[in-house]
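This report goes through one protein model and its ligand. Please keep the sequence and the coordinates at hand while reading.

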Amino acid sequence: MTRVIFLGPPGAGKGTQAKTLADDLNIPHISTGDILRQGLKDQTPLGVKAQSYMDKGELVPDQLVEEMVQERLIQDDTKLGWILDGFPRTVNQAVFLEQLLGKLNQNGEKVVNLNVPDETVIARLLERGRKDDSEEVIRRRLEVYRSETAPLIDYYSSRQTLLSINGNQSLEEVTAELKKVIVS
Ligand code: AMP
């Protein structure tokens, strides 16, 4: 049983690593960003509501993403574990998640923080060239990360062991390090 929460700034490589590990372990990779982008593409009510926030690099309101995650975590394929990527992103979301996991009997998750210096993050985001990766939006997303999401590092370190990984290495090296801490 593997349940993992991935923390780290945008551009840290969370998505790539989470996907690789989830494939390897045969458990769902739950990325709130991916679900929102899919909703946007399909023009679902959720996608439409989320668009203006995503385009600006702002966070989508907690309630919207919380409902989305709840719906995802009650599905059957989560019984063997999951990797959460991009959620929680605020302390409010973390409190919500803790209560939800309690209700679903899915506690015992590992929290991994992917450490990457600012310069690397900016270079990677500019390289990636996603629609919400213009320089202005990147700057805003990093600000939002610092003010809203970085506090989760303290939040989790004060309640459970926070596993810290050096994300400033090759893809393969990061994957190897992650596997070591996650399966142990
Ligand atoms: P990501 O793919 O994780 O970088 O997410 C892309 C965008 O989706 C973010 O910039 C936010 O606008 C939105 N988003 C994804 N996850 C969350 C979340 N947990 N809370 C609020 N907004 C989110």
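The sections below cover the ligand site, two helices, some backbone features and a few single residues.

## Ligand site

The model is predicted. The ligand is surrounded by 15 residues, and the closest are Thr32, Glu58, Gly86, Gln93 and Arg141.

Polar side-chain atoms approach the ligand at several points. For Thr32, such an atom lies 2.8 Å from a ligand nitrogen atom. Gln93 has a polar side-chain atom 2.9 Å from a nitrogen atom of the ligand, while for Arg141 the partner is an oxygen atom of the ligand, at 2.7 Å. On its own the ligand has 470 Å² of accessible area, and the protein covers 95% of that area.

## Helix 7

Helix 7 comprises residues 135–149, which makes 15 residues. From first to last C-alpha, helix 7 reaches 20 Å, close to the 21 Å expected at 1.5 Å a residue. Its buried residues are Val137, Ile138, Arg141, Leu142, Val144, Tyr145 and Thr149. These residues lie on the same side of helix 7, because they cover an arc of only 160 degrees around the axis. Glu135 and Glu136, on the other side of helix 7, are exposed.

The cover over the buried residues of helix 7 includes helix 3, helix 6 (118–128) and helix 8 (151–157). Arg141 thus appears twice in this report: it is buried in helix 7, and it is among the residues closest to the ligand.

## Helix 9

Helix 9 runs over residues 171–183, and its 13 residues should span 18 Å at 1.5 Å a residue. The C-alpha atoms at its ends are 18 Å apart, in agreement with that value. Val174, Thr175, Leu178 and Ile182 are the buried residues of helix 9. Because their arc around the axis is only 100 degrees, they sit on the same side of helix 9. A general point about spacing applies here: an α-helix has 3.6 residues a turn, so residues three or four places apart point the same way.

On the other side of helix 9, the exposed residues are Glu172 and Lys180. The buried residues of helix 9 pack against strand 1 (2–7), helix 1 (14–25), strand 4 (110–115) and strand 5 (162–166).

## Strand 1 and Thr2

Thr2 is a residue of strand 1. Its relative accessible area is 16%, so Thr2 counts as buried. Leaving aside residues up to four places away in sequence, Thr2 touches Leu25, Ile27, Leu80, Gly81, Trp82 and Ile182. Of these partners, Ile182 is one of the buried residues of helix 9.

## Backbone features in loops

Phe87 and Pro88 are joined by a cis peptide bond, with omega about 0 degrees. Pro88 is placed in the loop between strand 3 (81–85) and helix 5 (91–103).

Gln43 is not a glycine, yet its phi is positive, near 55 degrees. Gln43 is in the loop between helix 2 (32–41) and helix 3 (45–56). Asn105, also not a glycine, has a positive phi of about 60 degrees. The loop that holds Asn105 lies between helix 5 and strand 4. Asn105 counts as exposed because its relative accessibility is 66%.

## Gln75

Gln75 is in the loop between helix 4 (62–73) and strand 3. With a relative accessibility of 39%, Gln75 counts as partly exposed. Between Gln75 and Glu173 the separation is 98 residues in sequence and 32 Å in space, C-alpha to C-alpha.

Definitions and conventions:
Residues are numbered from 1 along each chain as its sequence is written. This is a predicted model: local features need pLDDT of at least 70, side-chain atom pairs count only at pLDDT 80 or more; totals for chains, interfaces and linings use all residues. Side-chain values use heavy atoms; hydrogens and water are left out. Helices (H or I, at least four residues) and strands (E, at least two) are DSSP runs, numbered from the N terminus. The expected span of a helix is 1.5 Å times one less than its number of residues. Buried means under 20% relative accessible area, exposed over 50%, partly exposed in between (1.4 Å probe, protein chains only). The arc is that of the directions from the helix axis to the C-beta atoms. Contact means heavy atoms within 4.5 Å. A residue is near a molecule or strand if one of its heavy atoms lies within 4 Å of it. A polar contact is a pair of N or O atoms within 3.5 Å; within protein, one must be able to donate a hydrogen and the other to accept it, and residues adjacent in sequence count only if both atoms are side-chain atoms. Accessible areas come from the Shrake-Rupley method with a 1.4 Å probe; for residues, only the protein chains shown count as cover.
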